[in-house]
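Student: I would like to go through this model with you, one question at a time. Where should we begin?

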Amino acid sequence: MNALFKTPALYLTCAIFLGLFVAEPELLDAFAGLLISFAILSVPLYPAWKELKQPQDAKSLAVPRGNLADPSNDIAEWLPQFWDGADTAPPAGVSVLPSETTHLSKASTPAADHWVHRGVALFLDAPAQAKILHAKKLFVEASTPAWLHAKEIAQLKEGVTLQRVQAPSILTGFSTPRNTGDSHARAAQPTTAKSLDATVDSTGSRWGLRKPTVVASRSKVVADLVAQKDLRIGAGSVILGGIKGYETVYLEPDTWVLGNIVARNIHIAQHCYVGGAVLAEEHLTIAERCCFGDPERPTTISADTVDIQAHSEVYGALLSRNRISVLPVNS
Amino acid sequence: MTVATWMLGILMAVLFLYGVRHYIFTLNRLFYKQKRTFEGVQTLQWPRLTIFIAAHNEEAVVGTCIEALVQSDYPKDRLVIIPVNDRSKDRTKEICDQWAAKFPELVKPFHRTEGRAGKPAALMDAAARAPQDTEVFVIFDADYNPSKGLLKQIVAPFCDPEVGVTMGRVVPMNVSKNFLTRILDMERSAGYQGDQQARQNLAAAPQFGGTVGGIRAKALRAVGGFREDVLAEDTDLTFRLMTHGWKVSYVNTAECYEEVPETWPVRVKQLMRWAKGHNQVMFSYLRPTLTNPHLTWRQRLDSIMLLGCYTVAPLTLLGWVLLLLLYFVSPPNLWIWASAGVLGMVAYGGLGNLAAFYQTAAAVHLDGNSKRLRLLPFNFIGYVVSAVTITRGTVNLVKDVVLKRELVWDKTIRFRKNESQSS
């Protein structure tokens, strides 16, 4: 800067400008306007320049977003699976519950984000204000916002609401469901694309349904169904492929779907079986005594909101982005 | 003069439409419900995967990519990793073979020594050697560094029988290197966190980017595989699949690190390649997209605008030329000043460096990195470079077509040191 003031060119330029302003006073206004405009336009550049020279925020985004620091913990294998992309901070401490059988009441709930039960059975009798709860056998008798994980089985009592649960076997209510699919598989009659007024894609394995469609009871469909409007699968039908619905998909009682179901809304009546995933963009209702996946092929049920009646079973994961309600059978 | 005025009017209308499109994307991302149907899916009967790692002289990075994929939580009995070593002259072959020796059931390199140059041709040859029971192909460029849970996230949307291809999110890993990497980081945020997710939400047409993505094997076979005579095989495949009724699904949480160019010459070459490749696809698919019965009108409009996105820069420059012409040869009037205003706004605030500046700001904000937004005014430099480079690329493409020259591409130079070698 000092060197600049020693430059004769600077003084010469100033002298020229001074001379111009004296000779033509209007130029002074124009020059002042120019300077003010330049200053205003430069204002946003100052923080930019500062950020460039002294970066405060130049790190790469953390990928993946969620990670538990302690890798020796059981939950470490599971936690990233339920990690919500919206959360960026890593989880806080883990509280370990050591006894064989534990009943968690309001008085005994520890103050921690993550609980790990090391014993055999954990009974959740009171709302647990935890973020994640892990046990071998988990019996949920009170609503909780915690994300639940069981190594063997999770039983959810009627009337509870929760958000996410994952286990090899998830039972709603406290009785065994009935899987009725096999007998219906034998009774169903093959259906053609023509009878459904469906278009067939170039691979032959995907049928397109442009209008609201009802598949007759006890039909057997050997392809994937893509429905632009509502789709109703008649009682006792068997779909060997998957289903995509842009609107609502209804499965009537005793329907059997081997593939996945993806739709805006899905309503599943009683005694249905779905082998693949059931993924609803918005709402999913499941009536009593339905079965999803099997022990060798676990699956995922997911939606914004899930209403599931008692006496159903899910092998795998039951997820919601808002809430899961376990309803009594007569609701 | 009338012709120039009309041309200017049409240009203004096109640029205005692009501006509206990006406002819709931005508002959707900021204020509307986000589509997250496949997020969190971790338990499925997972399809059999074959992963291709496209590698041509990638000794500096290929080991890291293989290592990351080996550590994936995807069931190993349903996974094969094929590093596609395309005529490399460095240690790529040696590094791939070291990993294959360590994990013989999992890593099965394909060393390509002949055939047409380029990624599409190499991938076609590799696809022919993939296991017959492959249900989904997943593609990574060798400089990508996938996280442990990425594969499941990319594959989950294939539960939808309409989905033919999926795309994950690309996140630069070398952000702090210099000014260029920092503005490219913001551009990537705008492109993925902003643009792609908005298109997914709006049931428009997200794009497959050729890496960090999966392709249903049945769909790839149905459309005849990769085209070897195009530079942008990813865009070409996107539109070919859409023509055949398959959908693209974008997964914003499937984040994968990549290395962005650290010098302007490398960035310019990359942009030239993208511009030529993308515009080549545009000429091929404009008409089929307009008449595609599998697309809704919203998807058609978005697809057409996606196809034309690399013409926006030349159109903006043409607009300025027309504007100056009209200014000097006819008396200035309100129409000219209005045009100048809109073009100026479009150039700076509207379109920015391949993404609207406001869209960039919204996306970076959604990423939780608002402090780096202070750098946004300097993005104008990136915009000017992009505008000129894309225009050059477009002109070059026209010359290639007219003179019937074969399209040539420049490989993007890697800046990472040799940091990963299997031991």
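The exchange below covers the interface between the chains and then some salt bridges.

Student: How many residues of chain B are in contact with chain A?
Tutor: This is a predicted model. Contact is counted for heavy atoms within 4.5 Å. On the side of chain A there are 53 residues, and on the side of chain B there are 46.

Student: What is the area buried between chain A and chain B?
Tutor: The size of an interface is often given as the accessible area lost when the parts come together. Here carbon and sulfur atoms give 53% of that area. The total between chain A and chain B is about 4,200 Å².

Student: Which helix of chain A gives the most to the side that touches chain B?
Tutor: Between the two chains there are 14 residue pairs in polar contact. Several elements of chain A each supply at least two residues to the side that touches chain B, among them helix 5 (75-82), strand 16 (243-251) and strand 20 (278-286). The one that gives the most does so with six residues, and that is helix 4.

Student: How many salt bridges are counted between chain A and chain B?
Tutor: Over all chains, the whole structure has 40 salt bridges. One that joins the two chains is A:K244 with B:D160, with the closest N and O atoms 2.7 Å apart. Between chain A and chain B the count is six.

Student: Is B:K35, the partner of A:E281, buried or partly exposed?
Tutor: The side chains of A:E281 and B:K35 meet in a salt bridge at 3.9 Å, N to O. This pair crosses from strand 20 of chain A to the loop between helix 1 (2-31) and strand 1 (49-55) of chain B. Buried means under 20% relative accessible area. B:K35 has 23%, so B:K35 is partly exposed.

Student: Are B:D185 and B:R372 buried or exposed?
Tutor: B:D185 and B:R372 form a salt bridge, with the closest N and O atoms 2.5 Å apart. The pair links distant parts of the chain, B:D185 in helix 6 and B:R372 in the loop between helix 13 and helix 14, 187 residues apart. Relative accessibility is 3% for B:D185 and 4% for B:R372. Both values are under 20%, so each residue counts as buried.

Student: What is the relative accessible area of B:D229?
Tutor: B:D229 forms a salt bridge with B:R227, the closest N and O atoms being 3.0 Å apart. B:R227 is partly exposed, with a relative accessible area of 26%. B:D229 is also partly exposed, and its relative accessible area is 38%.

Key: Residues numbered from 1 in each chain as written. Chains lettered and ligands numbered in written order. Predicted model: local features only at pLDDT ≥ 70, side-chain atom pairs only at ≥ 80, totals over all residues. Heavy atoms only, no water. Buried area = accessible area lost by both parts, 1.4 Å probe. Salt bridge = Lys/Arg side-chain N within 4 Å of Asp/Glu carboxyl O. Polar contact = N/O pair within 3.5 Å; in protein donor to acceptor, adjacent residues only side chain to side chain. Helix = DSSP H or I, 4+ residues; strand = E, 2+ residues; numbered from the N terminus. Buried < 20%, exposed > 50% of the residue type's maximum accessible area, 1.4 Å probe, protein only.
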